[in-house]
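Student: I'm new to this one. Please give me a close look at one part, and start with the cysteines.

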Amino acid sequence: TGAIGLYNVGLNCCLNSLLQVFLMNIHFTRILRRITVPLCAGQKKRNVPYQMLLLLEEMQRGKQKAVSPTDLACCLSAYRVKLFVQHDAAQLFLTLWNLIKRQMNNPELVEELNDLYTICVQEHLACQKCSFETKRNSSMLTLPLPVLDSNSHMLKTLEDCLQYFFHPEELTDHNMCFCEQCGRKTPFLQSMKLVHLPQTLTIHLKRFCFDKSAYIRKLSHYLPFPRGLDFNAILTENQCQADGDEKAAWQYELFAVVAHSGSNSCGHYCAYIRSLTECKWYCFNDSEVCQVSWDDVKCTYGHFSLHWGETAYLLIYMKKHPH
């Protein structure tokens, strides 16, 4: 049916939500189905991609409304992904992805996995006293977007968050950098330019922050995100370092939302996912799965007065017209 739940076997709602996002992505499962199966029983138990493949096959038999991810959870516990612990979805996503990549023995599949998820940016540092400039390309798995600006004002839309993330920042006073050409600390302009976007783009809304008392609090304010996202309409020419062919493919459609309800210390995750084969939205809440509308998904925009309410935490977009 394409919509099978996962039983909660030990406060693993975060893991369940992320597994659904991985396994409902047909581009990911095409890679997963081509892994090399480990030879011995011990290796099979400790191999994360293989255990994910077994789970996928059990889910696709479709004989029950939900299946248990116990074997995969036990496999992950060998790599310090514990049960009965509150996980952060952004951190757990990075952990899972790195384990999957590290345990895929086929270099071709590793390259495909990188192409499917990895974002490439170019970091610029320019001295404001002379012409000295440094550039460095780096890769990231998520775009970690602040939802507050430098004055702690709430950003109003996802597009505002993206523009703020790529907006140049002046490094002055105690933030000045040493300039090799000037031979002293000088003001610098720091900026980030977008080089490459993957087929599956993961955006991390940084809704958890430290307050003045060093206590982590959740930012639940209203922050709408669109079903369609065109980076060419959001970023300026100066914020992009890519050719025309690359930029032509920067049009995305929302595929999934990993939503969090509750506080930082006591919360719950579920996933809203658009089936790529049926084009219907489903809510995956552990073992409970139901079809939902776009209005239901929009309920994860957040609300300032509902601190325990459901808010989008990870947004997963899919390229509309991949190369």
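Student: How far is the sulfur of Cys40 from the closest cysteine sulfur, and which residue holds that one?

Tutor: Cys75 holds it, and at 13 Å from the sulfur of Cys40 it is too far for a bond. First, a bit of housekeeping: this is a predicted model, where local features need pLDDT of at least 70 and side-chain atom pairs count only at pLDDT 80 or more, while totals for chains, interfaces and linings use all residues. Residues are numbered from 1 along each chain as its sequence is written, and side-chain values use heavy atoms, with hydrogens and water left out.

Now, Cys182 has its closest cysteine sulfur in Cys130, 3.6 Å away, and that is still too far for a bond. To count as a disulfide, a pair of cysteine sulfur atoms has to lie within 2.5 Å. Search the whole structure and you get zero disulfides.

As for accessibility, Cys40 is partly exposed at 38% relative accessibility, and Cys182 is partly exposed too, at 27%. Here, buried is under 20% relative accessible area, exposed is over 50%, and partly exposed is in between (1.4 Å probe, protein chains only).

For a contrast, try strand 10, residues 200-206 (strands are DSSP E runs of at least two residues, numbered from the N terminus). Six of its seven residues are buried, so the rest of the structure largely encloses strand 10. Strand 10 runs parallel to strand 5 (residues 143-146), joined by four bridges, with Leu145 opposite Leu205. Strand 10 also pairs with strand 18 (residues 311-319), antiparallel this time, over five bridges; there Thr200 sits opposite Met318. Pairing takes at least two DSSP bridges between two strands.
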